[in-house]
Amino acid sequence: MYQPGTRTLLERTPPIPSTAPPLWNQAALTDTLLKIRRAILPHLGAAAALSHLTTISPVNMVLFQGDTAPEESNILHQSAPIPPQLVTELLPHGLNVLTPETRIIHHATHHAVLISDIIRSQKPIGLICWHTQPWSHHDITTLQTILSTLGGLLELDALHRRVHANTHYDISSNLLNWQGFQAEITRRCRRLDRDQKAATLMLAYIPGLDTLVSERDFQSFEDALSQSVTLLRNAVRPTDALSRLSGNTFGLWLDGGDRFAIAERAERMTAHGVPILINPPVHFPLHIGLVSREAGDIEGTANTLLERATLALNTGLREGVKWRFFHEAP
């Protein structure tokens with residue numbers, strides 16, 4: 001039996017002996033996990049999940065990531081300011097960075113629980129909850145399940161971010177990202193300068209493509225993205241480089257293309273837009289910004305060319321034309 005004013009460390013097993021009535025039933029846990037699953041980012045899922053729990057029960061919560069007490073810099077979600085005495089009693093020496101643990105404090109006026117979990121290659125995550133009634137085994141198991149799910153998503157999110165930071169490809173489209181496209185432009189410019197050939201950077205903008213996620217669903221967006229990529233690939237030569245620079249903008253590098261040939265190609269590409277065969281089908285416009293690079297242009301770096309192509313694209317959008325070269329922009 002717990003005595004007022006004592007602190008007890010609890011392992012995940014064996015079960016926690018408590019006869020207190022549960023705050024949350026199985027339906028509440030299911031709804032909470034669904035909110036985590038449907039969020040775009042883990043920290044948004046954490047806020048949605050914990051906010052849901054506090055709306056159906058008189059519980060305050062603080063979610064933080066770090067091996068020390070929660071503070072402004074490491075708090076991921078907070079329903080109310082945490083009483084200082086709880087921090088002192090629950091975290092006298094910080095979190096255990098090697099193993100998950102559960103700590104409970106029962107007082108005459110408050111009952112608090114600290115649950116922590118380990119995240120690979122990151123600092124541990126901790127959840128402090130407090131209210132006026134004793135904690136039941138069911139509620140602590142529910143909180144452990146939620147925290148473990150959040151920890152797994154944070155771990156996976158960090159892994160994906162490391163992969164994205166180190167790769168030259170966009171995972172969704174299997175096209176070059178800006179980092180890879182920049183390296184490809186730099187490499188090709190050296191060869192083009194040697195052969196005294198020009199090249200063109202084409203910036204293709206498909207408004208409405210990125211909004212399919214919110215307007216339809218992920219599957220519709222993925223199908224539309226795949227069809228858009230296929231259309232752009234078929235519009236250029238197999239040796240030309242294709243990249244995805246944002247949710248609805250693509251970069252194409254056309255080796256050796258003269259200005260008149262590129263203008264004809266841009267006219268053909270924008271004439272009929274981007275028809276997408278989904279249910280129901282949609283038809284997006286296509287806008288293009290162009291900038292040519294002559295052989296030996298030392299100022300024509302990847303960053304500079306992107307800025308000029310973006311300026312041409314934005315100028316064309318303001319003027320109501322579907323494609324535009326940079327040097328035609330005022």
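**View 1. Helix 4 of the predicted model, residues 137-166.** At 1.5 Å a residue, the 30 residues of helix 4 should span 44 Å, and the end C-alpha atoms lie 44 Å apart, which agrees. The expected span is 1.5 Å times one less than the number of residues. Helices (H or I, at least four residues) and strands (E, at least two) are DSSP runs, numbered from the N terminus. Buried residues of helix 4 include Ile 140, Leu 143, Leu 147, Leu 150 and Leu 154. Asp 139 and Asp 157 are also among the buried residues. Buried means under 20% relative accessible area, exposed over 50%, partly exposed in between (1.4 Å probe, protein chains only). An α-helix has 3.6 residues a turn, so residues three or four places apart point the same way.

This is a predicted model: local features need pLDDT of at least 70, side-chain atom pairs count only at pLDDT 80 or more, and totals for chains, interfaces and linings use all residues. Residues are numbered from 1 along each chain as its sequence is written, and side-chain values use heavy atoms, without hydrogens and water.

**View 2. Strand 2 (residues 60-65) and its partners, strand 3 and strand 6.** Strand 2 is mostly covered, with 5 of its 6 residues buried. Antiparallel pairing joins strand 2 to strand 6 (residues 125-131) through 6 bridges. Another 3 bridges link strand 2 to strand 3 (residues 75-78), also antiparallel. Two strands pair if DSSP finds at least two bridges between them. Leu 63 stands opposite Leu 127 in strand 6 and opposite His 77 in strand 3.

**View 3. An open sheet of 5 strands.** The strand order is 8-9-7-12-13, with mixed pairing. Strand 8 (241-244) and strand 13 (323-325) stand at the edges with a single partner strand each, so one side of each has no neighbour in the sheet. From one strand to the next, the twist averages 15°. Axes are lines fitted to C-alpha atoms, for helices over the stretch in contact; angles run from 0 to 180 degrees between N-to-C directions.

**View 4. Helix 7 and helix 8 against the sheet.** Helix 7 (residues 218-235) packs on the sheet and touches strand 7, strand 8 and strand 9. Its direction makes about 155° with that of strand 8. Contact means heavy atoms within 4.5 Å. Helix 8 (residues 259-271) lies across strand 7, strand 9, strand 12 (287-293) and strand 13, at about 160° to strand 13.
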